[in-house]
Amino acid sequence: MRRAAAVVLLFLGVGVDLHLLLEPLRDSGQPAAVKAMTLGAGLALAVLGVIGGFLIARVPKERIDGVTDHLESMVRRGMLGLAISEAESDALGRLGHAINRYLSFVKEEVEQSHLDAKERQIQMKVLDAEKRHIEAVIRAISDGVVVTDAFGDLVLANAAAEGTFGFKFDPAARRPIEEAITDKGFLALVNDMRETGLFTPHRTVEWIQGAGEQARSWRVILNTVVEGKRHDRISGVVAVLHDVTKEKEIARMKSDFVSIVSHELKAPLASIRAYTEMLVDGEARSEAEQREYLHVIGTETDRMNRLIESILNLSRLESGLVPVNKTDLAVTEILRDAADVMTPQAVQKSIRLEADLAPVFFRVHGDRDMLYQAVLNVVSNAVKYTPEGGQIRISTYLDDSSVVVDVADTGYGIPPEDAGRVFEKFYRSRHSAKEAKGSGLGLALVKHVVEVVHGGRVAVESDVGKGSIFRLYLPAVR
Amino acid sequence: MPCRILIADDEVAIANVVARKLQNAGLQTIVATDGQEAYERALAERPDFVITDLQMPGMSGLELCERLTAELDAPIPTILLTAKGFEIDAMTLTHLPILRVMTKPFSPSELLANVREALGIGSAT
């Protein structure tokens, strides 16, 4: 009877302990492993209880009552551990000692699992923040990013990709990439990567979007995301799109430039070569003819040299190698100097060159030498392309916040189809090519000096047969 | 009747030196300094041979050759002078009576030899 009571009592004690153990776990969302461990501890306690029961059967009733009271007081106080007095050195005392050690072990484990859970929560928060950061970075970068999963559903697309393909990415609603992106060429790249990307997981391909004037060139970098122990499964495709339209345009312009320069240099070279051979072969039949050939050779050599100088000048200017020395200066003075220098050439062609300059000195902040060269180029062009007996008028006035320089001539004029291109390097209107020799670089230099160096603007108004007005707008100094 | 050769080049110095070389060899020359002028003079004067620059303002040497071939009963054998020979489509040439493309700078003597060969006339000297 006493033995049975002792066993029941002990089971009760163990049950209370288990209750105390499990209570903190109930609503804490602990992982299954922690719960299992706690239950394991409970079971172990139960076994200890059974053994303890047999031992207790031999222990005086008062001491068991003492233990019971102690346990109940612990339950009331919500305590864990130190359930049994360890004072006695007999069997009950040793059992108490063992149980207490076990309970403190369990207590430590529970506390540790609490800490682990908290740490995991923090880690989750950090991971979530990191994910959001990475997504923000991906969304902000200027290259387009498109990510699909193994099934071809769109997982991620950034703002640049949305702009490129004209769709809105919704992270909450996954949909097949075909529903968002309709360009067949690009879809083929991504789908092909998804199907065959295991063999070539990194690819860089060029893709042309659209056609004609609107066509854009893209460098598409495709990568597969692989998974599985042997990396033998594709779980997605990442496509990064870099716009190379401008790069290609620059490359084309460079190549055009080289081609035009060599062509322009070959023209005088061809003359030099041909006339030299004529002289060597004795084809010049008189002394006058010899002099004529030598004169051509000299002229063409000068032409070639001028062309090379112009190219070098413009290239030095464009690459910023020429130091810019800006001061506040009066535009009127520059115009007067340019008019003075050009007057003899104008007089030679019976052209009236007028500098109708305002008495007020409009001031700009600029590099005198560069502005002088720019104005000189425009005026010298006007003299070149104005027939004998014509008129050139240089004037200046204030327009909004700009000092405007007008060079108006009664020259051949520029056809509308050429007017927009006369400031391009080597672009020469077919009329201009017929009327006078030129490198096709003079106005390109004007444009660079006015627009790039001084933040102004150039414009041309022209009427074929009536003349042209070249306008230079320079920011005024108030 | 001596052979008449039309020379078209917007580089007057080149047109003149070619004309001088051919004249010294006893050939008659017509000089034009752009494509349109060359076209008009070719229609009016029916030369036996054309030497034309490729790049000319208005009408290019190829266009000149195409238009003359389209309008005349007998195509006029032509030598094309160019500073950028590599940019001419070989297929275009097969449809036109262009015997040779000579790149600038060129040798006037070599040009004369080519003209003579094309016209089937021997060296005068």
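Select chain B to start: it has 5 helices and 5 strands, where helices (H or I, at least four residues) and strands (E, at least two) are DSSP runs numbered from the N terminus. This is a predicted model, in which local features need pLDDT of at least 70, side-chain atom pairs count only at pLDDT 80 or more, and totals for chains, interfaces and linings use all residues. Residues are numbered from 1 along each chain as its sequence is written, while chains are lettered from A and ligands numbered from 1 in the order in which they are written.

**Chain B**

Follow the chain along its sequence and the pattern reads β-α-β-α-β-α-β-α-β-α. Of its 125 residues, 39% count as buried. A residue is buried if 20 or more other C-beta atoms lie within 10 Å of its own, exposed if 12 or fewer, and partly exposed in between, with C-beta atoms placed from the backbone. Of the contacts in chain B between residues at least 6 apart in sequence, 59% link residues at least 24 apart. Two residues are in contact if their C-beta atoms, placed from the backbone, lie within 7 Å.

**Where chain B meets chain A**

Show both chains: 19 residues of chain B are in contact with 19 residues of chain A. On the chain B side, helix 1 (12-24) and helix 5 (108-119) each supply at least two residues. Helix 1 of chain B gives the most, with 6 residues. By class, the side of chain B that touches chain A has 8 nonpolar, 4 polar and 7 charged residues. Here Ala, Val, Leu, Ile, Met, Phe, Trp, Tyr, Cys and Pro count as nonpolar, Asp, Glu, Lys and Arg as charged, and the others, Gly among them, as polar.

**Chain A: strands 1, 4 and 5**

Now select chain A, which has 14 helices and 12 strands. Buried residues account for 28% of its 478 residues.

Go to strand 5 (residues 233-243) of chain A, which runs antiparallel to strand 1 (residues 144-149) of chain A and is joined to it by 6 bridges. Two strands pair if DSSP finds at least two bridges between them. Label V146(A) and find its bridge partner in strand 5 of chain A, A239(A). Strand 4 (residues 216-227) of chain A is also antiparallel to strand 5 of chain A, with 10 bridges between the two. In this pairing I221(A) stands opposite V240(A). Strands 4 and 5 of chain A form a hairpin with 5 residues between them, and G228(A) in the turn has a positive phi of about 90°.

**The five-stranded sheet**

Next, display the open sheet of 5 strands in chain A, ordered 7-9-10-12-11 with mixed pairing. Its edge strands are strand 7 (352-356) and strand 11 (457-463) of chain A, each pairing on one side only. The twist from one strand to the next averages 15°. Axes are lines fitted to C-alpha atoms, for helices over the stretch in contact, and angles run from 0 to 180 degrees between N-to-C directions.

Within the sheet, strands 9 and 10 of chain A run antiparallel and are joined by 8 bridges. S395(A) has D406(A), in strand 10 of chain A, as its bridge partner. Add helix 10 of chain A, which lies across strands 7, 9, 10 and 12 of chain A and runs at about 170° to strand 7 of chain A. Helix 14 of chain A packs on the sheet too, touching strands 11 and 12 of chain A, and its direction makes about 135° with that of strand 11 of chain A.

**Helices 11 and 14**

Finally, select helix 11 (residues 368-384) and helix 14 (residues 442-453) of chain A, whose axes come within 9 Å and cross at roughly 140°. Among the residues of helix 11 of chain A that are buried are M370(A), L371(A), A374(A) and V378(A). The cover over the buried residues of helix 11 of chain A includes helix 10, strand 8 (363-367) and helix 14 of chain A.

In helix 14 of chain A, the buried residues include L443(A), L445(A), V446(A) and V449(A). Their cover includes helix 9 (287-318), helix 11, strand 11 and strand 12 of chain A. The contact of helix 11 with helix 14 of chain A has 10 nonpolar, 4 polar and no charged residues. Just past helix 14 of chain A, stop at G455(A), whose phi is positive, near 65°.
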